[in-house]
Amino acid sequence: MCDFHVRFSVLHYEVSPLSVPLSHFHLDHCGALPYMSEMVGYDGPIYMTHPTKAICPILLEDFRKITVDKKGETNFFTSQMIKDCMKKVVPLNLHQTVQVDEELEIKAYYAGHVLGAAMFQIKVGSESVVYTGDYNMTPDRHLGAAWIDKCRPDILISESTYATTIRDSKRCRERDFLKKVHETVERGGKVLIPVFALGRAQELCILLETFWERMNLKAPIYFSTGLTEKANHYYKLFITWTNQKIRKTFVQRNMFEFKHIKAFDRSYADNPGPMVVFATPGMLHAGQSLQIFKKWAGNEKNMLIMPGYCVQGTVGHKILNGQKKLEMEGRATLDVKLQVEYMSFSAHADAIGIMQLIRMAEPRNMLLVHGEAKKMEFLKDKIEQEFSISCYMPANGETTTVVTNPSVPVDISLNLLKREMALGGPLPDAKRPRTMHGTLIMKDNSLRLVSPEQALKELGLSEHQLRFTCRVQLHDPHSDTDTLGRIYTHLKSVLKSYSIQHVPDGTVIVESIVIKVTSSAEEPNLKVILLSWSYQDEELGSFLSTLLKKGLPS
Amino acid sequence: MDSDCLSLLPAVCLVLADPKQSPPDDTSLEKLLDWFKELHSQSDGQVLLQHQPCLLEFISSVCMSKTTDPAILSFTLKLTGLLAATTQELHLFDEGGLLVNVFEREAWGVCDLWEDASVRSGWLQGLLNMLKHQQALGFICGNGLIKVILQLQNDRSLFVACLANQLLVHILNFLTSPNMTNGSDVVGSSESSLRPDWVSASSEIMNAVVEALSSEDHPQVLQGLRLLSLVLSKCGEPIISTLWKDVLVPLEVLVNRGSESLIQTLITVLEAALGTPLLSQSEYKVEELLEAMLGDGNRKECFHCAALIVKLEKCPEVLKRKATDIILLPLQCVSTQPQAEKEINVVLKEQLSQKASCISLLMQSLSSLAQLAHTKYLFEDISIHSITSSVLLLLRMCSGHCPTSLLHSNAFTHLIGCCKVQRCGLDTLGALSVYEEILDLRKDIFGVLLDYLQSPDSHATVLKKTFQAVKRWIVCSPFPDLLQFISHDLFPVLEKRMCDLRWEVRDSTLEFITQLTTALNGNSGFTEALHTSGMVSVLLSSLADAEGYVRASAVAAVGEAVTASSHQMVLVSNSKLLDEALVQMMAILSQDTEGFPRRAVVQAFTSWLKGSHLITALELSLSSVLSLGGSDFDWEVKMHTLELAEVLMEKTLTCCPYAVQNFGSSEETRFTQALIKFKNFGLFDLLFNSLFDCDRPVCEKACALLVKLRTLTAETADLDNSLLVLNVCGNRWGDEVQRRYLNKQQAKASVSVTNGVTGSDEGTDCGLHCTKDISLPKILQILDLDDMQRMLTLSSDHVVNSPRSLMEDILSAAQHSEENIVDCY
């Protein structure tokens, strides 16, 4: 079982999962983890990468804060539960195969998206599933692109957030962002960027830091939350998980040691002059970002940059909808005069990226999740067309059955092997598959291939003969006996290495095949040739019936 | 608010019905539906439909439209059901045949929409919402909808299938409710008092259950069983006995077949049956069926059944004993000497010889045992002594120690280092501490537990369970050698574990020490051991651990150690420990980059303050704690600081009988002195700063404390205000107080001018331009604390998350055609 949706209702499962590999620290993937491990009672292992294990509690604490802020301390996990949950986490390295139990193994691959994000390959025997979590196929300012080897999973479960989108150049969007921030600061305005504590915030910080350095700008940049100090600490610590450019720069300095970005104190919001402030939460629904927004909203010189999605029921959602008058507490209204800009620095794979991943992993089946049905439908058709594989997109709560072709190890009896060897051919070789005939015995949780005789003996069964019969009609202006004689001669010339007998009772016998000829008094020239053979000679029997249908040589 | 919303409703309906508009997200539609539900439950629904004709138009246009979105249709179906939940409303719908058009899918503009699971789910939910009166049932039966519901019971969507089952149960239940049987006695009523189409509806449903149970199709059987268990737990007579009679034969077949994948569901059915009168009537064979599921302990599945039966609350005693005997078999088998092994059944031996089934069986056995121990179950056939010995032996096997007589067993090789069994075994061992009969095994028990604590191979999660078990056994009944065990055996291991490479282990160790210190609080021997063993210095050094979580646990442990030692005034090291702890904790509070240790420091101060003996020693640090804690980044540090302030207030003020209305002069003085003390501590700064904090819980807590203060100051008649003047300049909160103060003064001045009064006492005392110093009681009056408190008790998003706000959002999204491309997380 991988990741869960934050809605707790989904966790009333009947079957306890064996393990929980968790892809990354975003709350729509890890938000219900403490609930599951500490309140529902899941006691198995939880797997995540080292950065995810380090950063997850920060996000969960933030989630807790937001929920308590809204509803008070009611039926929600505590900080102690978050810690207890984290103690159960087994950290993973990339490409490290972990054996969960006798049969189940998991392996993590780099997914881009956010620091520490991983895709998981889950394998049981020869069958495997790859679950992508969220991933990004294009490197950004601080992270590399997702990568997976040609593991040919039976199913590739991929996110499809941007199933139909093809993203334009990120450079343009970055230039646009910097231009807008610069212009506002130049005219003495303040810029508020509400962010999620981690992830995109660090990317934007790098962007501004570099720009400030290059342009020698003096306006202060602040980061508002205490959480971020710790987050930046982890970004510094896990620098090997970032992209190559950042790792190279690391020799001179750590890219996450921000020179221009300082911690924010709430009294700074009233300071005159320009400034840029990153503040949480990202949806402007409470806390510091909302408090700063209220102070700055009335001034048209200021700017608000929304880089993230906002759910209904938040101020951010209203702003994104273009509302200019907001109702505040106590029926007060707030005029939104500041400029509002929307920026997308998405870290999800777009349609091209998803196709690229399929090309990399070469799955046998595709399953799309984490997207909108209509867009997924389009991508599904495209995938099926281009890769000739089945693609599924089950709705929540729907079951998809995928037929796989597993290779099941079977023990072969020595007798059968010896017999096979006696028939000639190359020696058994693991790399060269070949067909073997025998009887499969499935007993006591084991599979064995033995000779039919041995199987009969072991199982105490008696043998039944099964014969195939076939009638072939042909015109032959001779007596039945002559026709049979002609058949005998014909077969003698065609089947030189076989023993063929012409028995006096009016039959010709080739191996187990019995051939008889009859005709009716009305049509003496229309001969009915009756062939009968046992299953061992199925091939020869079919051959003879085809041969005789062609007629006898004159 | 509702009138505002109702005025917006027509426009919202137009937007939702407009196929050119992309529908709002699911959560918005769900919220809208919640609002309708609330509205409907509050008022007469008929008024809503009659006064809002837009609703009928909306429903009609959605169903007829050829371009309806599935989300909108699903919403409409649910809404229709909700609005048709009274007979009057149903008639309004029925007048134009609208109800049939809504629930008859052939009548929809787009028939394909049925393929969408959300539409099927909306359809079922709509019927469920509607089924509150006879006419609704008449509508369902009269239009042949039962058949569709039964089909949906086997839907490919889990949610749809589950909802279909709920609806079917609701229908059955409804059929036997008093209002359906013309007021006749429910239990005694027979089907003959029902309308013929309802009788046929109930038999259709019951037949479907019987058919499902007799089916060869596994998912269908499962759904049938699920419906059956729902009926048993939700319906009354005569439904349950009628249905039970019909399903008994196929149920017996299923039970006897013993299919592994059905066990859980079959047990759920039988568990539900145990809670009904069926149990007391032997012809219904409930007990017999449960016994049949157990068999004679010779089937692979019987262990799973036994584990489930052991958990049943209302299980007959005989059956429970049988299940207990069976479920303990794997545990006994693994730990039994070969000569006794002969009696053990072949199936079990085979299962134990394979790793996966061996582990799973032993875990079932152990967790069932723990379950039984929680209820202090009295074992009969087997002694608790022998069971505990088996658990101990199993734990030893898991850590690689095995008596030679058992070395031959495959189970031993499966068990070495198996964390799952170790954790489960330790939990069970802890649970067994309730049995006094096994106290003589304590030496062995602590031996095994110490082995686990010492073993370098013990996994962090296993160590945590070991600590829990040790604590349970220490706490359950202190024994004469306890202190010796703690100081000679336990402490040295703990000291090592506090230096473990894994932060999880260090943290669990510190948590354990804290719990142990709390549990043995007042035990002078323990406190002495704690101080003389060098443990305290290890605890103090843990305050500088690299991991924040560990530092926090170390703070808690040191805090508890200080509290424990405060009872032992004779110890010289006490004051030294407190001094050192204070220095380090203040350093953590002011410098630690992580919230958890800072939270722990403030909590430690709170718990110290609660114990009166330490107050004087803490006085010097308190003002720093209040100031640092109040300006912390972390909201929980701020919350804990306010809790500390609350304790400080209570402690200081308990000297004043402030509950009495009129203070005597000395009491007033004492109260004034207390307030001056608070001022010197910086408590008012903390409270006023927090009142204007950006985090709602912080403001709420501060507001509550200020209200308390206001009550006290108001009750004290002759409070010397001059001693309680606060400087509002240069304070963060000062601006807000000043602004409000000036507003009030201006308002007063303008009233005075209008009334022709020149000057007042207050005006001369404190002019409009002289607002640097304001007395505490005045500030508390200026601030409209009641209004603030009322607002703060509401959710922080109550404005933006209100129904009106929701409707405005839907409307503005429709006007705002440009799609914003923003990041998805």
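How many bridges join S24(A) to S25(A), and in which sense do the two strands run? Select strand S24 (507-510) and strand S25 (513-519) of chain A. They are joined by 3 bridges and run antiparallel. Bear in mind while looking that this is a predicted model.

**Stop 1: the hairpin of S24 and S25**

Keep both strands selected and add A:Ile509 and A:Val514. A:Val514 in S25(A) is the bridge partner of A:Ile509. Now follow the chain through the turn. S24(A) and S25(A) make a hairpin with 2 residues between them. A:Glu511 sits in that turn, with a positive phi of about 50°.

**Stop 2: one strand further**

Add strand S23 (500-503) of chain A. S23(A) pairs with S24(A) over 4 bridges, in the antiparallel sense. Pick A:Gln501: its bridge partner in S24(A) is A:Ile509. A:Ile509 is also partnered with A:Val514 in S25(A). The hairpin of S23(A) and S24(A) has 3 residues between the strands, and A:Gly506 takes a positive phi near 90° there.

**Stop 3: the whole sheet**

Add strand S22 (467-475) and strand S26 (526-534) of chain A. There are now 5 strands on view, forming an open sheet in the order S22-S26-S25-S24-S23, with antiparallel pairing. S22(A) and S23(A) stand at the edges; each has a single partner strand, so one side of each is left without a neighbour in the sheet. On average, neighbouring strands are turned by 20° against each other, direction ignored.

Look at the edge formed by S22(A). S22(A) and S26(A) run antiparallel and are joined by 9 bridges. Select A:Arg467 to find A:Ser534 of S26(A) standing opposite.

**Stop 4: two helices on the sheet**

Which strands does helix H15 of chain A lie across? Select residues 480-494 to show H15, which lies across S23, S24, S25 and S26 of chain A. H15 runs at about 145° to S25(A). Then select helix H16, residues 538-549 of chain A. H16 lies across S22, S24, S25 and S26, and runs at about 170° to S26(A).

**Stop 5: a sheet with mixed pairing**

Move to strand S19 (411-412) and strand S20 (439-443) of chain A, then add strand S21 (446-450). These 3 strands form an open sheet in the order S19-S21-S20, and the pairing is mixed. S19(A) and S20(A) are at the edges with a single partner strand each, so one side of each has no neighbour in the sheet. S19(A) and S21(A) pair in the parallel sense over 2 bridges. To see one of these partners, select A:Asp411 and A:Arg448 of S21(A).

**Stop 6: strands S6, S7 and S8**

Select strand S6 (118-124) and strand S7 (127-131) of chain A, which pair in the antiparallel sense over 5 bridges. A:Val124 has A:Glu127 in S7(A) as its bridge partner. The hairpin of S6(A) and S7(A) has 2 residues between the strands, and A:Gly125 in the turn has a positive phi of about 60°. Now add strand S8 (155-159): S7(A) and S8(A) pair in the parallel sense over 3 bridges. A:Tyr131 has A:Ile157 in S8(A) as its bridge partner.

**Stop 7: where chain A meets chain B**

Show both chains. In chain A, 80 residues are in contact with 64 residues of chain B. The two chains bury about 6,100 Å² between them, 46% of it on carbon and sulfur atoms. Select A:Lys87, A:Arg266 and A:Gln312: they supply 13% of the area that chain A buries against chain B, more than any other three residues.

Between chain A and chain B, 28 residue pairs are in polar contact. Helices that each supply at least two residues to the side of chain A touching chain B include H3 (50-71) and H4 (79-87). H3(A) gives the largest share, 9 residues. By class, this side of chain A has 23 nonpolar, 29 polar and 28 charged residues.

**Stop 8: salt bridges between the chains**

Side chains of opposite charge can pair when their charged atoms come close. The count between chain A and chain B is 16 salt bridges. Select B:Asp695 and A:Lys65, where the closest N and O atoms are 3.1 Å apart. Finish with B:Glu636 and A:Arg64, a salt bridge in which the closest N and O atoms are 3.1 Å apart. This pair crosses from helix H35 (635-653) of chain B to helix H3 of chain A.

Note on methods:
Residues numbered from 1 in each chain as written. Chains lettered and ligands numbered in written order. Predicted model: local features only at pLDDT ≥ 70, side-chain atom pairs only at ≥ 80, totals over all residues. Heavy atoms only, no water. Contact = heavy atoms within 4.5 Å. Buried area = accessible area lost by both parts, 1.4 Å probe. Salt bridge = Lys/Arg side-chain N within 4 Å of Asp/Glu carboxyl O. Polar contact = N/O pair within 3.5 Å; in protein donor to acceptor, adjacent residues only side chain to side chain. Nonpolar A, V, L, I, M, F, W, Y, C, P; charged D, E, K, R; others polar. Pairing = 2+ DSSP bridges. Axes fitted to C-alpha atoms, helices over the stretch in contact; angles between N-to-C directions.
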